[in-house]
Amino acid sequence: MKLQVNNSPFSEEQVTLLNDLLPKLTSAQKTWLNGYLAATSASDVIIEEVIDNNAPTAVQAAPQKTRTVTVLFASQTGNAQNLAQKLTFELQAQNIEAEVLSMAKFKPNNLKKVEDVLIVASTNGEGEPPDNAIGFHEFLHSKRAPKLDHVRYAVLALGDTSYEFYCKTGHDFDSRLKELGAEQLLPIVECDVDYEEPAAKWFTDVQNILAQATASAETAQATAAPTAGGTEYTRNKPFAAEVLEKINLNMTGSNKHTVHLELSLEGSGITYEPGDSLGIVPKNNEQLVDALIAALGFNANKLVTDKQVTLRDALINDLEITVLSKPLLQKIAEFTTHNDFQNIVNQTSIKDFVYGRDVLDVVEAYGPFSWNEEQFANLLRKIPGRLYSISSSQAAVDEEVHVTIGRVGYEAYGRERFGVASTHIADSIEIGDTVNVYVHKNPNFKLPAEDQPAIFIGPGTGIAPFRSFLQEREETGATGESWLFFGEQHFVTDFLYQTELQAWLANGTLTNLNVAFSRDTDQKIYVQHRMQEEAAELYEWIKRGAYIYVCGDEKHMAKDVERTLIDIVAAQGNKSAEDAAAFVKQLQQDGRYLRDVY
Amino acid sequence: MTEKIKIAPQDGSFSDVERIKTESNYLRGTLAESMVEPISSGINDDDNRLMKFHGSYLQDDRDVRAERAKKKLEPAYQFMVRVRTPGGVATPKQWLVMDEMGDKYGNGSLKLTTRQAFQVHGILKWNVKKYMQEINDVLLDCIAACGDVNRNVMCNANPFISNLHKEAYDISAKISEHLLPKTRAYHELWLDGEKVEATPDREMEPIYGELYLPRKFKIGMAIPPLNDVDVYSQDIGLIAIIENNELVGFNVLAGGGMGMAHGDDTTYPQLGRFVGYVAKDKVVDVCEKLLTIQRDNGNRVERKNARFKYTVDRLGIDAVKQELFDRLGYELEQLREFNFEHSGDRYGWVQGEDKKWHFTLFIQSGRVKDFDGYPLKTGLREIAKIHTGEFRMTGNQNLVIANVSAQKKKKIEALIAEYNLTAGEHYSALRRSSIACVSFPTCGLAMAEAERYLPSLIEKLETVVDEAGIRDKEIIIRMSGCPNGCSRAALGEIGFIGKGPGKYNLYLGAAHDGSRLNKMYKENIGEEEILAELTPILQRYAKERNEGEHFGDYVIRAGFIAATTDGTNFHKELQNV
């Protein structure tokens with residue numbers, strides 16, 4: 001459609017400008033602009049800026065044809081995607097022709113055509129690629145993968161040092177591309193949970209290398225990119241949100257302790273969408289910190305970092321002391337001569353050792369150490385923000401955000417262990433206190449079109465994003481059917497959000513609701529058993545185009561659910577096991593089988 | 001096949017409950033689906049009405065209602081199941097099953113009701129059917145334990161008169177069986193009985209018809225001189241007439257009942273009116289015909305005016321007698337002589353006429369559970385394991401370990417000692433004469449505490465009676481959490497009916513033998529005022545009473561309260577209120 005004064009809200013001059021601009025935009029630019037305008041539509045000023053400043057730049061004659069850049073992301077929770085999009089925008093701002101794509105959307109055949117490939121890849125729990133990269137990862141590692149002599153590439157790998165297979169997916173891509181003959185533009189960069197700094201440096205390095213190759217780097221002093229979606233609050237600059245309500249959703253007698261937390265976003269301008277997560281900057285348990293300082297024989301008030309904070313404050317607010325990783329153990333090993341400890345660090349797998357242990361365990365068992373307060377503090381990584389699926393929709397709660405947090409607490413090696421953020425929130429936070437938060441976009445976990453059927457599988461705290469989805473669907477009057485599978489231990493004490501779900505069932509927001517309470521019956525019944533019971537109808541929904549969402553435990557639940565899904569597809573669709581598995585994989589590739597698992 | 005039972009139209013349209021019954025296909029409704037629906041542990045109101053006919057209904061733990069609402073959880077819905085035990089008799093095997101099921105599906109305790117039945121609280125919806133099936137294995141059921149039908153038939157539990165008790169019990173069981181609903185719904189729903197298409201009315205419910213009764217219906221049988229079943233409070237009261245040490249027949253009372261509503265003087269407790277004497281072989285027939293008079297004449301428009309007592313008051317006792325004569329084809333005889341002495345139980349060991357031994361155990365408020373330092377439930381379980389006689393629940397919520405041989409007596413005595421079970425000797429006579437209904441936390445009607453509060457109130461009153469020197473004077477004291485009358489508080493020499501949290505109406509002046517209702521003495525008072533009001537009256541009673549004079553009679557003679565001569569003046573001649 002060509003814009004005219006009479007079919008749009010624009011003036012003659014604007015129509016001319018837009019008609020000049022729009023046909024020249026790449027699809028990525030259009031996508032970006034779309035999001036940008038949506039996110040900033042509250043402010044006319046910014047829209048004018050787009051028209052007056054950015055638009056003419058973009059309308060400029062296309063830059064001298066050099067190599068095109070394809071930015072591919074492998075993203076589970078959205079970090080890699082956000083980074084890839086940001087990078088692409090920055091490249092485009094430098095007049096480098098760049099396109100950003102999910103690996104799921106990238107056609108393997110196009111590998112023959114691409115020139116410069118930039119990969120931002122995160123890694124799933126046990127070193128597997130994220131859902132949206134499984135197909136591409138498999139193709140690239142197969143015999144069908146073409147020679148890539150014509151390709152130059154760079155990889156940014158996201159990971160978490162507390163996992164054994166740190167950044168594995170990134171390394172997979174890096175080494176495979178090399179094997180296939182591609183030229184490495186710069187060595188792979190690994191990022192731990194606190195990825196912002198190393199990622200920014202990689203951006204600069206990549207841009208510099210590409211800019212050298214791009215003769216016309218006239219607009220090199222890149223215009224500051226407006227951050228997408230207006231999320232100016234981050235892990236390092238969080239928003240102090242006031243606690244409006246805090247409820248333990250479980251009744252006395254339950255084995256669970258699930259906190260429903262309602263936080264005020266008033267004045268922050270923070271927006272989020274159903275499916276996004278809330279980052280919470282945790283604090284370490286003060287008793288644990290004091291026990292650690294005592295075990296170290298350190299002075300709690302010693303100033304330890306450049307910021308001139310005391311050791312105690314740094315350990316409470318800034319540093320991670322509850323998770324052990326191989327890099328950390330290696331660093332600690334430099335300060336002790338304890339033989340056993342050297343042996344532990346040199347094991348191929350430290351998984352068994354680190355499970356249920358924290359820094360205090362190491363300090364108590366493997367001394368003496370030769371470190372001082374400053375050296376000790378410098379060993380520790382910055383405490384990562386904890387991500388929780390948001391359980392509210394702004395359509396319903398406006399300037400609030402709700403999260404649903406399971407308190408993690410268990411005993412190991414004779415001491416009670418805590419989940420850092422969950423325990424702090426469950427035990428210490430009260431209504432009126434503030435919690436430091438930031439929104440973490442998760443573009444891979446979004447509701448389908450309003451008229452599409454959706455199946456939500458979310459036992460335990462996995463229900464969180466679906467409460468958000470259902471609030472959204474109720475508020476927006478979405479016509480698509482919704483079906484929720486929920487499970488917990490006991491009906492009487494653990495039916496999270498029971499009355500809300502009953503109301504949604506009664507008013508039609510929820511079409512179906514199936515529940516499984518594993519400890520109420522002699523034989524444990526889980527959500528996958530309920531799915532199996534509803535196999536025929538489930539398959540019928542899938543055939544009608546239903547989107548399937550899974551949220552919650554990754555190790556057991558998500559695997560069992562996937563197995564059941566494949567079984568159902570095989571049995572109901574008269575398919576072989578292989579075909580059924582391929583069918584489900586295809587759903588995943590098509591973005592119709594989405595997971596937010598942890 | 002006889003003709004279909006038709007209920008004549010009345011002024012005004014029938015209450016909604018009548019519609020539910022009509023549409024229920026003889027008490028089936030949608031219970032089969034509701035009871036397995038997994039999203040709520042509750043059921044819809046219509047089905048809950050029907051559930052009562054199956055001896056159970058939905059309650060919730062009111063102690064946690066607000067907390068659960070905040071936690072976005074529905075109320076802690078649970079079912080109360082009332083097990084029908086005609087005459088309050090249970091075998092040791094049945095006792096053991098009740099004991100076990102209370103732990104397995106219920107809240108770990110048993111309640112012995114004021115109508116000689118077992119009540120179990122706290123059963124989750126999905127367990128109700130299993131519960132019904134497991135008790136069915138020992139021939140117990142819940143049919144008609146609640147609902148608009150004839151309830152558990154009460155019978156005297158007097159341990160002295162063993163041979164008479166046996167015969168009286170057999171007759172009460174016969175009445176109970178005869179007046180049971182005939183629908184197969186219970187068997188279908190709970191026992192997986194074969195599905196039966198509802199057949200025409202008369203065949204399905206030859207006595208009740210598809211609308212059943214307008215309201216609940218209660219029958220009780222007393223053997224003088226004990227009125228432990230409160231025979232005057234029953235819709236049909238049967239007073240056994242003993243001649244030459246033989247049960248010959250019954251004086252029949254009609255139209256007693258306890259319930260009322262606060263602030264509505266058209267509702268009131270009432271005592272049964274004498275209808276006449278009937279020989280024992282005709283008593284089942286008389287009961288049936290009286291019941292059908294209520295079926296055809298009871299108020300189906302206003303449920304609170306639907307009990308038989310209002311029907312009798314409206315028609316007049318003479319008209320009821322005439323109607324009964326018409327339906328029987330013969331008239332009842334003149335009343336025979338009898339004499340009641342009291343309505344309480346006699347505790348401890350007694351030897352019956354047949355030389356068997358009987359031990360009556362005081363059970364505070366009928367609650368059987370293991371208390372701190374008082375393992376009542378365990379003790380009774382151990383006794384049941386070796387007992388070869390029977391258990392009898394009394395109308396005063398106590399328990400008789402009945403028909404014990406001289407040999408077994410030693411073993412049972414040893415268990416009684418081992419588990420520190422008490423006949424109640426060391427309690428005051430006041431406590432031993434107390435009844436409290438369940439009330440909070442499970443009863444949906446409760447306005448104030450009863451079972452959980454009365455013991456502590458009695459403790460305070462015990463100081464008063466101790467000081468006044470009347471610790472061994474039996475004064476019947478009863479507390480109900482609402483005006484519906486489960487503890488028969490309107491027959492308490494001291495009666496309390498809940499008004500609101502911690503607040504009660506105080507009633508005085510009922511007869512010790514259950515033949516006169518009490519009257520409201522103070523309205524809506526809390527503990528402090530209760531003690532302030534009762535202390536001087538008890539002190540004066542201690543000093544001024546005549547020989548053998550009961551407290552309920554004294555307060556009238558001393559002018560504290562006017563006598564309630566008939567239910568219709570229960571709300572009149574109030575003083576000091």
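**Exercise 1.** How many salt bridges does the rule find across the interface of domain 1 of chain A and domain 3 of chain A?

*Solution.* This is a predicted model, in which local features need pLDDT of at least 70, side-chain atom pairs count only at pLDDT 80 or more, and totals for chains, interfaces and linings use all residues. Residues are numbered from 1 along each chain as its sequence is written, chains are lettered from A, and side-chain values use heavy atoms, without hydrogens and water.

Step 1. Take the domains. An automatic or database domain assignment sets the bounds. Domain 1 of chain A is 65–221 and domain 3 is 286–379.

Step 2. Apply the rule. A salt bridge needs a side-chain nitrogen of Lys or Arg within 4 Å of a carboxyl oxygen of Asp or Glu. The rule finds zero across this interface.

**Exercise 2.** Find where C437(B) and C486(B) sit, and state whether each is buried or exposed.

*Solution.* Step 1. Start from the record. The UniProt annotation "binding site" (unreviewed entry) covers C437(B), C443(B), C482(B) and C486(B); such annotations may be inferred rather than shown by experiment. They span 50 residues in sequence, yet no two of their C-alpha atoms are more than 11.1 Å apart, so they gather at one spot.

Step 2. Place the two residues. C437(B) is in the loop between β18 (434–436) and α16 (454–468) of chain B. C486(B) is in the loop between β19 (477–480) and β20 (494–500) of chain B. Helices (H or I, at least four residues) and strands (E, at least two) are DSSP runs, numbered from the N terminus.

Step 3. Check accessibility. Buried means under 20% relative accessible area, exposed over 50%, partly exposed in between (1.4 Å probe, protein chains only). C437(B), at 11%, is buried. C486(B), at 44%, is partly exposed.
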